[in-house]
Amino acid sequence: MNKIPEVNYLNASRGIRSWLFTLDHKRIGLLYLFSIMAAFALGGIFAILIRLELLGPGKDIMEARTYNQIFTLHGAVMIFLFIIPSIPAAMGNFILPQMIGAKDVAFPRLNLLSWWIYIFGAVFAVISMSTGSVDTGWTFYTPYSTTTSTSVVAMTLGVFILGFSSIFTGLNFIVTIHKMRAPGQTWFKLPLFVWGLYATAIIQVLATPVLGITVLLLILERVAGIGIFDPAMGGDPVLFQHFFWFYSHPAVYIMILPGMGIISELISAFSQKRIFGYKAIAFSSLAIAFISFLVWGHHMFVSGQSQLASAIFSFLTFLVGIPSGIKIFNWLATLYKGKIRFDTPMLYALSFLFLFTIGGLTGMFLGTLATDVHLHDTYFVVAHFHYVMVGGTVMAFFGGLHYWWPKFWGRMYNELWAKISIAFTFVGFNITFLSQFVLGAKGMPRRYYSYLDKFQPLHDLSSFGSWIMAIGFFIMAVYLIHAVFKGRPAGDNPWGALTFEWETTSPPPKENFIETPTLTHGPYDYDKIVPERTI
Amino acid sequence: MSSGNSNGHPAHLAHHFSDAAQQSESAKIGMWIFLLTEILLFAGLFVAYAVYRSANTEMFYNAHKHLDIHLGTLNTIVLITSSLTMALAIRSIQLNDRKKSIKLLAATFALAAVFLIVKYFEYSHKFDLGQLPGKFYTYTGIEGSNPHIFFSVYFMMTGLHGIHVIAGMIAISWVMRKTIQGKLSSEYYTPMELTGLYWHLVDMIWIFLFPLLYLIG
Amino acid sequence: MSGHSTQENRHIIPARTYIAVGVGLLLLTAVTVGVSFIHLEGWNAIAAVGIASVKALLVALIFMHLLYDKKIFLVIFSTAILFLGIFLALTMFDILSRGEIYPEYEKTIEKNAVMYKKAEPAPAAEPVEDSTSDVQ
């Protein structure tokens with residue numbers, strides 16, 4: 001029978017202050033986890049409200065203006081408060097130092113500061129909600145965002161502040177990965193999750209400052225009328241889109257790359273097989289990070305951008321398919337002849353493979369210049385990025401959450417309920433968004449309050465799916481919280497995985513390891529060692 | 001808890017680092033990444049500059065004549081000299097010459113102040129003439145369409161740079177205090193080194209702003 | 001002095017190197033001001049940015065020790081410049097090629113955007129007729 005270690009980071013010190021001002025990366029990771037889960041719940045409520053309103057054409061439960069605010073909030077909360085910090089700041093914070101055998105991240109104070117800045121930025125977002133919200137969509141396109149009467153300034157100021165939080169996390173991780181590795185932990189012995197976080201961190205520090213200057217210019221434009229995005233004053237509103245997407249396209253990879261890192265861990269651990277093409281997966285993360293900066297113009301095919309530039313951006317966009325394909329095929333090759341175990345985290349990983357592939361391939365439709373002109377700003381786009389973001393990142397996030405939950409708390413969740421939950425989520429998700437592909441292809445524009453009668457059956461189907469998904473997430477919340485208090489002790493290595501974090505106790509001691517560990521095997525040496533499952 | 005502990009570690013070594021070299025190099029990588037974010041922050045303004053200059057070549061030429069090239073050159077000299085004194089201050093602390101280092105830091109600080117004072121006179125002159133950004137622009141003596149765009153770009157670039165100068169002055173006075181208190185020496189001078197890097201970047205950005213704004217040929 | 005004791009990579013550069021670089025920077029400032037008074041058509045901008053780049057490089061390599069320090073710092077700095085270049089190049093490519101296929105794309109949006117016109121036109125007393133004066 002497993003036991004919870006008597007001294008661990010959870011009981012090392014007590015009181016609310018020991019959490020709010022902690023310098024321990026594990027506690028900061030959990031602070032982030034609680035915050036982003038709150039944001040996820042909030043954004044989820046907005047999503048349900050959107051789907052309720054769209055049950056029928058015309059007014060169902062809210063006015064058009066309210067609807068505009070709700071979908072803006074759904075986007076802004078989910079992107080800036082949930083998905084960008086989700087995997088890096090919550091799970092990366094907890095797991096990264098353990099994976100490389102370090103006591104902490106390089107700059108613990110900066111780490112805590114980044115969480116406080118996140119909370120501070122979130123407060124501004126909430127202020128914008130209470131002072132009438134924003135109705136521009138999360139993209140804040142000018143000139144509408146500079147003329148609408150809603151509180152754009154509070155929201156964009158929140159985004160500006162959240163950017164610092166993201167930069168600090170990225171900066172911290174880069175330095176940590178460079179300088180804090182345990183003896184023997186060379187670059188090519190790093191777990192692939194670390195490579196994913198590294199590529200993510202590079203994008204965070206390179207792209208986020210541009211978001212900062214973009215929203216700063218937007219605020220100046222609104223408050224001081226500097227006129228650089230205002231066509232009536234000789235400004236160019238399309239320039240705003242260049243600025244915005246120079247950040248926001250790479251930001252899409254801030255969201256997906258750490259998720260891909262988690263998938264590499266899960267696929268290898270639950271196939272009990274060495275990951276296929278380690279270096280290819282590692283370098284494809286860096287390649288995605290680099291290419292992500294060359295393709296932003298594909299969001300602007302119908303914006304008045306030069307057609308020549310559009311054609312070039314379209315071509316460059318297809319390059320993203322190469323490293324993404326490399327990853328997918330390497331994961332499939334890892335599965336081949338593996339001793340596959342269908343534990344919950346693995347189910348999430350397999351869902352990821354299936355859903356992300358759909359999301360990725362439909363992205364090709366949208367990256368093609370000619371098809372995009374037809375599909376631009378329709379539900380096809382909505383379905384595409386939900387397949388990538390929810391089917392990809394969120395699936396990976398929950399896969400990681402289930403995988404490391406016993407490491408966080410030392411206790412297991414209920415496996416049966418976990419499987420019931422993912423069944424609901426998976427089915428609900430596909431009902432919700434497959435129908436949106438069809439809607440989009442038929443010409444239903446995104447962000448519309450009302451629609452033609454002929455679209456109603458598909459809209460209703462989509463709304464129905466969103467309820468099933470919500471049930472799945474609700475079940476998950478219940479059994480995960482239950483596990484924290486009542487779950488059976490999980491032991492140090494419940495999954496029989498080889499990465500460094502499983503060498504320490506669950507939950508780990510305050511400085512992660514009793515003494516500085518030395519690497520004796522690679523993270524995927526399943527052909528040499530068969531680690532025992534403690535559960 | 002935080003820094004400095006019993007088992008023979010120097011006071012400036014935090015618990016989670018194994019030695020001082022690891023710590024100082026981590027700090028420097030961190031600083032360089034921070035500088036990278038600063039460069040990309042200014043990148044937005046450089047792009048805006050390029051876009052509007054290419055679209056309004058004539059107007060930019062006409063408008064730039066209203067900037068005072070003498071004051072601009074003076075400020076360039078001031079900032080380059082301050083960068084030199086900063087570099088020499090770090091050299092002095094490397095040689096453990098604390099007194100000289102403090103003097104050079106004070107000189108750097110003073111030069112930064114001179115830069116801001118000159119900038120203040122330039123700004124107030126423009127305020128008087130109504131050569132202001134965007135909708136506040138009231139001046140009428142510049143030919144070409146939308147001359148307020150030039151001043152929007154001018155004020156954003158120099159304004160953001162000015163904020164960085166102020167931040168630099170705060171950082172310089174902070175390391176000066178540390179040096180006076182005797183906390184920095186040839187053994188440990190990371191804070192001064194990082195401040196120096198930051199200050200040089202501020203100088204470097206001005207090196208570009210000066211010809212782009214004052215010297216449109 | 002204990003050589004390479006605590007602060008790693010302690011390369012102390014002679015004071016005269018710093019001063020030489022400082023003087024060099026001031027001279028280049030004089031050159032760039034001088035050049036700006038000579039009319040060289042498009043070359044003025046190139047000369048200005050070129051001289052500024054040389055100055056910036058001097059600051060980075062000597063004052064910021066990139067020449068002597070670990071290469072990782074140089075890599076980080078170059079990365080910043082590279083991505084600034086990408087941002088600038090791709091955005092400018094769009095701006096400069098807007099008229100290549102459909103000439104009407106080149107017009108500033110202002111002229112066609114009646115809906116965006118503010119009630120009170122900004123500075124000019126009479127509505128600005130010619131907003132396409134800025135070809136190229």
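Here are four short exercises with worked solutions on the predicted model above.

Residues are numbered from 1 along each chain as its sequence is written, and chains are lettered from A in the order in which they are written. Because the model is predicted, local features need pLDDT of at least 70 and side-chain atom pairs count only at pLDDT 80 or more, while totals for chains, interfaces and linings use all residues; side-chain values use heavy atoms, with hydrogens and water left out.

**Exercise 1. Check the span of helix α9 of chain A, then find which of its residues are buried and what they pack against.**

Step 1. Start with the terms: helices are DSSP runs (H or I, at least four residues) numbered from the N terminus, and the expected span is 1.5 Å times one less than the number of residues.

Step 2. Helix α9(A) covers residues 278–291, so its 14 residues should span 20 Å, and the end C-alpha atoms are indeed 20 Å apart.

Step 3. Now look for burial (buried is under 20% relative accessible area, exposed over 50%, partly exposed in between; 1.4 Å probe, protein chains only). The buried residues include Tyr278(A), Ile281(A), Ser285(A) and Ile288(A).

Step 4. An α-helix has 3.6 residues a turn, so residues three or four places apart point the same way.

Step 5. The buried residues of α9(A) pack against α7, α8, α10 and α11 of chain A.

**Exercise 2. Describe helix α4 of chain A and the surroundings of Ser128(A).**

Step 1. Helix α4(A), residues 108–130, has 23 residues and reaches 33 Å from first to last C-alpha, close to the expected 33 Å.

Step 2. Just after this helix, Gly132(A) takes a positive phi of about 105 degrees.

Step 3. Ser128(A) sits in α4(A) and counts as buried because its relative accessibility is 0%.

Step 4. Leaving aside residues up to four places away in sequence, Ser128(A) touches Ser133(A), Val134(A), Ser151(A), Ala154(A) and Met155(A) (contact means heavy atoms within 4.5 Å).

**Exercise 3. Work out which parts of chain A are tied together by the salt bridge of Arg274(A) and Asp525(A).**

Step 1. A salt bridge is a side-chain nitrogen of Lys or Arg within 4 Å of a carboxyl oxygen of Asp or Glu. In Arg274(A) and Asp525(A), the closest N and O atoms are 2.5 Å apart.

Step 2. Arg274(A) lies in the loop between α8 and α9 and Asp525(A) in the segment after α16, so the pair ties together parts 251 residues apart in sequence.

Step 3. Arg274(A) is partly exposed at 35% relative accessibility, whereas Asp525(A) is buried at 7%.

Step 4. Widen the view: Arg274(A), Asp525(A), Asp527(A) and Lys528(A) are linked in a network of salt bridges.

**Exercise 4. Describe the interfaces that chain C forms with chain B and with chain A.**

Step 1. With chain B, 59 residues of chain C are in contact with 58 residues of chain B. These chains bury about 5000 Å² between them, 73% of it on carbon and sulfur atoms (buried area is the accessible area, 1.4 Å probe, that two parts lose on being put together, summed over both).

Step 2. The rule finds two salt bridges across this interface. Lys70(C) pairs with Glu25(B), with closest N and O atoms 2.7 Å apart.

Step 3. With chain A, 28 residues of chain A are in contact with 23 residues of chain C. Chain A and chain C bury about 2400 Å², 76% of it on carbon and sulfur atoms.

Step 4. One salt bridge crosses the interface of chain A and chain C: Arg98(C) with Asp236(A), at 3.1 Å between the closest N and O atoms.

Methods
Helices (H or I, at least four residues) and strands (E, at least two) are DSSP runs, numbered from the N terminus.
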